[in-house]
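Hi,

Here is the structure I promised to pass on. Have a look, and then read my notes underneath.

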There are 2 protein chains.
Amino acid sequence: MQDPSVRPTLATVAKLAGVSVASVSRVLNGMPASPEMESRVIDAVARTGYVPDAFARSLRARRTNQLALAVADVGNPVYVAMMRAIDASLRTTDYRLVLHSTEADLGAELDLLGTMRHGYVDGLILQSLRVGSELLAEITRLTIPTVVIGLLPDEVPIDNVRTDTRQGMRLAVEHLVATGRRRIALVNGPIDTVPGVARWTGFAEAMTAAGLDVDAAPVEVSADFTHVAGLEAVRRLLARTAPGAIDAIACSNDLIAMGALRALAEHGLRVPDDVAVTGMDDTDLAAMCNPPLSSVSTGAAERGATAARLLLERIEDPELPPRRCTVPPRLVVRESTAGGTSAASSGTRRPAEPAELMRGEP
Amino acid sequence: MQDPSVRPTLATVAKLAGVSVASVSRVLNGMPASPEMESRVIDAVARTGYVPDAFARSLRARRTNQLALAVADVGNPVYVAMMRAIDASLRTTDYRLVLHSTEADLGAELDLLGTMRHGYVDGLILQSLRVGSELLAEITRLTIPTVVIGLLPDEVPIDNVRTDTRQGMRLAVEHLVATGRRRIALVNGPIDTVPGVARWTGFAEAMTAAGLDVDAAPVEVSADFTHVAGLEAVRRLLARTAPGAIDAIACSNDLIAMGALRALAEHGLRVPDDVAVTGMDDTDLAAMCNPPLSSVSTGAAERGATAARLLLERIEDPELPPRRCTVPPRLVVRESTAGGTSAASSGTRRPAEPAELMRGEP
DNA sequence: TTGAAAGCGATACCAC
DNA sequence: GTGGTATCGCTTTCAA
């Protein structure tokens, strides 16, 4: 701790230790050196309060040991789950994860990619809701290894981890039909998003397959994938439909479903007795809702872990051909869709964990 | 787009444009140059696909235009609210925000601070649950401007934004008492954390002030500040107390309170009829719960905005004396503590927004 | 206005 | 094992 006004550099340390900068660098990087040398350097470093400069180091070493994860909305627990999985995968490496939230804003995403081009990270995992030509163009110009989580057009030569949410929505609707629901509504996220389109398609397919009239089904579009928007969307839905016209609501994700639970409670409607509700993503919020929410898992943790693996592999070998991994959706049944049977509803005294039935895809 | 195997540098561009690297640099940085020069450079940049190298630039310019926010748990919406507020404050500047989640792990925090020392950011906002001597030592060694959100010992000369959660907990308990509750339990977060201690103290003070016996009050400690841990804590609480022994649960934060709502539902207990519940932080989750959760706002957005302001000011003028800002807690009443009167409970048909009564501190 | 050249701080290659 | 030094890519004097 010397004069704090001037930052110590390698040269400072070297002079104080009476050795060369090269030697200081070596000791600091754990390369072979005599014990004598080591102690002198360690001592000098301590006395100067020296800390290596990240830029200078990265300038030479061409690496930062940082990876970035960019998600549309850090407020959505599904991305938190992803992040945790990625973080865990990185724990055995010496990479650190930094997080960027783009707030589902195209401008912010483009901007971020721009600074990523030769930015402060060695690799990027990007999760985007709206993968358009603009974004794709920017991604392909990226000079750092990149993995995209989400649905990418087939011809794009970028590592990609995806899940079939179209099938996921089918699972949800099939489950509702199987438990006796017929007047099924959809509360979707924005339809100018990739997941919005996929979930709408899955809904339509499942309804048709069940012999139900899609065109007659109440469909509401939420302003975004948050619970606030979901709450408003379901309020609109309930306001414009006759009482009893709906006996189930399939929601595009858990946050929207949470808003649905709230809106239904506001209207004095009981879940699942009057209306069943399904979410998607199976976030940790689902089990915590009142009543607990049936949800289609989109394998967030698995997608995160896979993305991390792909990224590390690509950093290791940039020549790898682009890879594509798909994580299958999986229905997790909880109380919000309990059947017309004597299944326990939320108010019932039952201290034990609700049984969570798992079902693979059909 | 030339040979992608070798990254274009200033020299590449300069050669292609037939000018000096200095001129290219100038044009790129918007310094005066002849139109002729400008067009040649622009053209060459486009043809080479040149992107400036962040490290080399930062090495000279000594700035990254990046600020970091490190929080204990990105999965907690209170930090998301903070982040949004910070992000908004930064929108008028040309700083970008990167996020780090330390998972409330001291090792991770220290590690992070280590790499921050002369790291890839120009400033840091740190939110920590356990501000111990070790962490403080590391913070004071930081060479970049830093603002800490959370309770810091008085003598520490670091910019600090705080809220009085001790008083916040008092507000919650006073409210419970005022609405007729007497058998009040506390579900606290870990007591080796700063907020854990503060909230316990506030609870004890308010109970005593109300003439209630703190020592007889059921107190349960949650493993952390998440809803999963909260759920487990409240299950334990209910398992070990006689039915009817509790008519209110004051929770240390909204996530724990959410777990409490779930645990109470499991036990067939109605909220607020049988048991009232309060949370803390007034996250956007609170209004979304069933029933909506009364919560003590800790001014997350305001704290975030304030922290951003302090940080920008300090970057501007490193010589400023350390500052300390306090945001007062504020009670937000919702249905989970509706009084013994005829107040609407969760199942009541009422499409409108629940009235949210605000109360300043006494 | 433009170009030449001196760094920024650390790393790694090359002799010794 | 150790020291000298070229080098990473860019910014910024200083002359011309």
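**Between the two chains**

A good place to start is a salt bridge that joins the side chains of B:Arg96 and A:Asp111, with 2.8 Å from N to O. Keep in mind that this is a predicted model. The rule finds 6 salt bridges across the interface of chain B and chain A, and 15 residue pairs there are in polar contact, both at pLDDT 80 or more. On the side of chain B that touches chain A, the elements giving two or more residues are H4, helix H5 (77-90), strand E2 (96-101), helix H6 (106-116), helix H10 (227-240) and helix H11 (254-266) of chain B. That side has 28 nonpolar, 18 polar and 18 charged residues.

As for the extent of it, 64 residues of chain B are in contact with 65 residues of chain A. The two chains bury about 5,600 Å² between them, and 55% of that is on carbon and sulfur atoms.

**Around the DNA**

There are 25 residues around DNA strand C, and A:Leu10, A:Tyr50, B:Ser23, B:Arg26 and B:Ser34 come nearest. Of the strand's atoms within 4 Å of the protein, 62% belong to sugar or phosphate and the rest to bases.

Some individual contacts to look up:

- A:Arg57 has a side-chain N or O atom 2.7 Å from a phosphate oxygen of DNA strand C.
- B:Ser20 puts a polar side-chain atom 3.2 Å from a phosphate oxygen of DNA strand C.
- A:Arg60 has a polar side-chain atom 3.4 Å from a base oxygen of DNA strand C.

H4(A) gives the largest share of the surface near DNA strand C, 4 residues. By class, that surface divides into 12 nonpolar, 6 polar and 7 charged residues.

Cheers

Technical notes
Residues numbered from 1 in each chain as written. Chains lettered and ligands numbered in written order. Predicted model: local features only at pLDDT ≥ 70, side-chain atom pairs only at ≥ 80, totals over all residues. Heavy atoms only, no water. Near = heavy atom within 4 Å. Polar contact = N/O pair within 3.5 Å; in protein donor to acceptor, adjacent residues only side chain to side chain. Nonpolar A, V, L, I, M, F, W, Y, C, P; charged D, E, K, R; others polar. Contact = heavy atoms within 4.5 Å. Buried area = accessible area lost by both parts, 1.4 Å probe. Salt bridge = Lys/Arg side-chain N within 4 Å of Asp/Glu carboxyl O.
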